[in-house]
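Visitor: Could you pick one part of this model and take me through it slowly, residue by residue? I'm new to this, so plain words please.

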Amino acid sequence: MKKILVIHGPNLNLLGKREVNIYGDVTIDEINGDLKKLAKSKKVALEILQSDHEGEIVEHIGGSCGRFDAILINPAAYTHTSVAIRDAISAVNIPTVEVHLSNIYSREEFRHTSLIAPVAKGQVSGFGKLSYILGLEAAISLINKK
Ligand code: DQA
């Protein structure tokens, strides 16, 4: 069975309580539940990680070689700062889809730059929980094309 690594970056464990005017009241458990349902229906396995630590995210990506067919990642604040996460994605050469709940291009200017986008296959931004669903659909279709 094909396998996808799902990574939620820093503070995404606080969804539901955190800036609900921006992120809505969806929780990470609801997102993960919907992702698991979709994966099951498409016969794909998921491993899901949430981490506030850049190094831990880098380690997981680095360790994904040969273990995963695609990566779905919301790098959260590290989107805008992390050369290390970008380099890890580039190094493992596993098709990666970047997702964001909010539209990062309609927010503060510092969020307009994603260091991850140039090494991702594509990005989905601005659709709340649906960004993850669309992102997973894209990741699955990339795997099936291979
Ligand atoms: C986010 C957007 C980032 O700018 C922010 O730092 C987050 C969440 C999103 O999903 O909209 O933590 O990645």
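Guide: Let's start with His8, which is buried because its relative accessible area is 1% (buried means under 20%, exposed over 50%, partly exposed in between, with a 1.4 Å probe and protein chains only). What you're looking at is a predicted model, where local features need pLDDT of at least 70, side-chain atom pairs count only at pLDDT 80 or more, and totals for chains, interfaces and linings use all residues. Residues are numbered from 1 along each chain as its sequence is written, and side-chain values use heavy atoms, with hydrogens and water left out.

His8 sits in strand β1 (strands are DSSP runs of E, at least two residues, and helices are runs of H or I, at least four, numbered from the N terminus). The side chain of His8 has a partner, too: it makes a polar contact of 3.0 Å with the side chain of Tyr132. A polar contact is a pair of N or O atoms within 3.5 Å; within protein, one must be able to donate a hydrogen and the other to accept it, and residues adjacent in sequence count only if both atoms are side-chain atoms.

Now hop to another buried spot, Asn74. This residue belongs to strand β3, which covers residues 70-74, and it counts as buried because its relative accessibility is 3%. A polar atom of the Asn74 side chain lies 3.0 Å from the backbone nitrogen of Ala76. Ser131 is worth finding as well: in sequence, Ser131 and Asn74 are 57 residues apart, yet their C-alpha atoms are 9.7 Å apart in space. You'll find Ser131 in helix α5, residues 129-145, and it is buried because its relative accessible area is 0%.

Asn74 also leads us to the ligand, since a polar atom of the Asn74 side chain lies 2.8 Å from a ligand oxygen. His100 has a polar side-chain atom 2.8 Å from an oxygen of the ligand, and for Arg18 the distance from a side-chain N or O atom to a ligand oxygen is 3.0 Å. Taken alone, the ligand exposes 330 Å², and the protein buries 99% of that. Who else is there? The residues surrounding the ligand (a heavy atom within 4 Å) include Tyr23, Ala76, Ala77, His80 and Leu101. Ser102, Ile104, Arg107 and Arg111 are also among them.

For a change of scene, look at helix α2, residues 28-41. At 1.5 Å a residue, its 14 residues should span 20 Å, and the end C-alpha atoms are indeed 20 Å apart (the expected span is 1.5 Å times one less than the number of residues). The buried residues in α2 are Ile28, Ile31, Asn32, Leu35, Leu38 and Ala39. Viewed down the axis of α2, the buried ones fall within an arc of 125°, so they line one face of the helix; the arc is that of the directions from the axis to the C-beta atoms. Turned away from that buried side, α2 carries the exposed residues Asp29, Lys36, Lys37, Lys40 and Ser41.

Finally, check two backbone angles. Most residues other than glycine have a negative phi. Asn11 has a positive phi near 75°; it lies in the loop between β1 (3-8) and α1 (20-23), and counts as partly exposed because its relative accessibility is 33%. Asn93 also has a positive phi, about 55°. Asn93 is in the loop between α4 (83-92) and β4 (96-100), and counts as exposed at 67% relative accessibility.

Definitions and conventions
Accessible areas come from the Shrake-Rupley method with a 1.4 Å probe; for residues, only the protein chains shown count as cover.
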